[in-house]
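The exercises below are meant to be worked through slowly, with the sequence and the model side by side. Try each task before reading the solution beneath it.

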Amino acid sequence: MIQFHNVKKIYDPHDVVLDGIDLEIKQGEFVSLVGLSGVGKSTLLRLITREDRPTHGKIMVDGVDIGTISDGEVPYYRRKIGTIYQDFKLLLKKTAYENVAFAMEVSGAAQNEIEEDVPKILGIVGLASKLKSFPEQMSGGEKQRLAIARALIHRPKVLLADEPTGNLDLLN
């Protein structure tokens, strides 16, 4: 499903973040990357989403060399990937419902599909009562769950999460 072949990422001559990475993640596998801050975990995720490109090497996702995807095709490629960022990347002027609905709207989902799916996914992540709440009215954990809902709404083949549990509320 995801393969890295001799991937290297250099930001400047003195900042080699990834060097000769060979990695294979098969369909259905759950993989956690663990390491100190600054060792390249987020860089690796940005390479998979094609937010960044490797300095050297090849990255294959679902049998496609993502280095050969044109810039115009990248948004379509990214629809196969659900991404949960450390900083949430929520739309602050939109409600929880609107944040998730927007992700569906930009991919051309029908209005009836949006109306059916958005409340379901918000319920799954425990935000059924927060449909009309704006991100600033939510706790850090609720914002994180909203980001998770938005990442899952397209039923992605791949789910990437950059510290996905860092802000979740603790259960008592």
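What follows is a set of five exercises on this predicted model, each with a worked solution.

**Exercise 1. Helix H5**

Task: Check whether the span of H5 agrees or disagrees with its number of residues, and then find what the buried residues of H5 pack against.

Solution: Begin with the length, where the 13 residues of H5, at 1.5 Å a residue, should span 18 Å, and since the C-alpha atoms at the two ends are 19 Å apart, the two values agree. Next, mark the buried positions, which are Gly 141, Glu 142, Gln 144, Leu 146, Ala 147, Ile 148, Ala 149, Arg 150 and Ala 151. Finally, look at what surrounds them: the buried residues of H5 pack against strand E5 (81–84), H3, H4 and strand E6 (158–161).

**Exercise 2. The nonpolar cores**

Task: Find which residues touch the most other members of the largest nonpolar core, and trace the contacts of Val 100.

Solution: The largest nonpolar core has 21 residues, and those touching the most other members are Val 100, Val 118, Leu 122, Leu 146, Ala 149 and Ile 153. Two or more residues of this core come from each of H3, H4 and helix H5 (140–152). Now take Val 100 and set aside its neighbours within four places in sequence; the contacts that remain are Val 118, Ile 121, Leu 122, Leu 146, Ala 149, Arg 150 and Ile 153. Another core, of 19 residues, lies apart from this one, and its members include Val 17, Ile 25, Leu 47 and Ile 48.

**Exercise 3. Helix H1 and Arg 46**

Task: Describe the surroundings of H1, and decide whether Arg 46 is buried, partly exposed or exposed.

Solution: Start with the helix itself, in which Thr 43, Leu 44, Leu 45, Leu 47 and Ile 48 are buried. The buried residues of H1 pack against strand E1 (2–12), strand E2 (15–25), strand E3 (56–61), helix H2 (74–78), E5 and E6. Arg 46 also belongs to this helix, which covers residues 41–48, but Arg 46 has a relative accessibility of 29%, and because partly exposed covers the range between 20% and 50%, that is how it counts. Beyond residues up to four places away in sequence, Arg 46 touches Tyr 11, Glu 51 and Asp 52. Its C-alpha atom is also separated by 9.9 Å from that of Asp 162, although the two residues are 116 residues apart along the chain. After H1 comes Arg 50, with a positive phi near 65°.

**Exercise 4. Salt bridges**

Task: Among the salt bridges of the structure, compare the pair Lys 8 and Asp 19 with the pair Lys 9 and Asp 52, paying attention to how accessible each partner is.

Solution: The structure holds nine salt bridges. In one of them the side chains of Lys 8 and Asp 19 meet at 3.5 Å, N to O, and this pair links distant parts of the chain, with Lys 8 in strand E1 and Asp 19 in strand E2, eleven residues apart. Lys 8 is partly exposed at 28% relative accessible area, whereas Asp 19 is exposed at 52%.

In the second pair, the side chains of Lys 9 and Asp 52 meet at 3.1 Å, N to O. Lys 9 lies in strand E1 and Asp 52 in the loop between H1 and E3, so this salt bridge ties together parts that are 43 residues apart in sequence. Both partners are under the 20% cut-off and therefore count as buried, Lys 9 with 9% and Asp 52 with 18%. Asp 52 also touches Tyr 11, Arg 46 and Leu 47, besides Lys 9.

Other salt bridges involve Asp 87 and Lys 89, whose closest N and O atoms are 3.6 Å apart, and a network that links Arg 50, Arg 53 and Asp 71.

**Exercise 5. A nonpolar surface patch**

Task: Identify which residues form a nonpolar patch on the surface, and place Val 106 within the chain.

Solution: The patch is formed by Leu 91, Phe 102 and Val 106, which together have about 230 Å² of accessible area. Val 106 sits in the loop between helix H3 (96–105) and helix H4 (111–124), and with a relative accessible area of 48% Val 106 is partly exposed.

Notes:
Residues are numbered from 1 along each chain as its sequence is written. This is a predicted model: local features need pLDDT of at least 70, side-chain atom pairs count only at pLDDT 80 or more; totals for chains, interfaces and linings use all residues. Side-chain values use heavy atoms; hydrogens and water are left out. Patches are made of residues with over 30% relative accessible area and no salt bridge: like charges are joined within 9 Å, nonpolar side chains (Val, Leu, Ile, Met, Phe, Trp, Tyr) within 5 Å. Accessible areas come from the Shrake-Rupley method with a 1.4 Å probe; for residues, only the protein chains shown count as cover. A salt bridge is a side-chain nitrogen of Lys or Arg within 4 Å of a carboxyl oxygen of Asp or Glu. Helices (H or I, at least four residues) and strands (E, at least two) are DSSP runs, numbered from the N terminus. Buried means under 20% relative accessible area, exposed over 50%, partly exposed in between (1.4 Å probe, protein chains only). A nonpolar core is a set of buried Ala, Val, Leu, Ile, Met, Phe, Trp, Tyr and Cys residues joined through side-chain atoms within 4.5 Å. Contact means heavy atoms within 4.5 Å. The expected span of a helix is 1.5 Å times one less than its number of residues.
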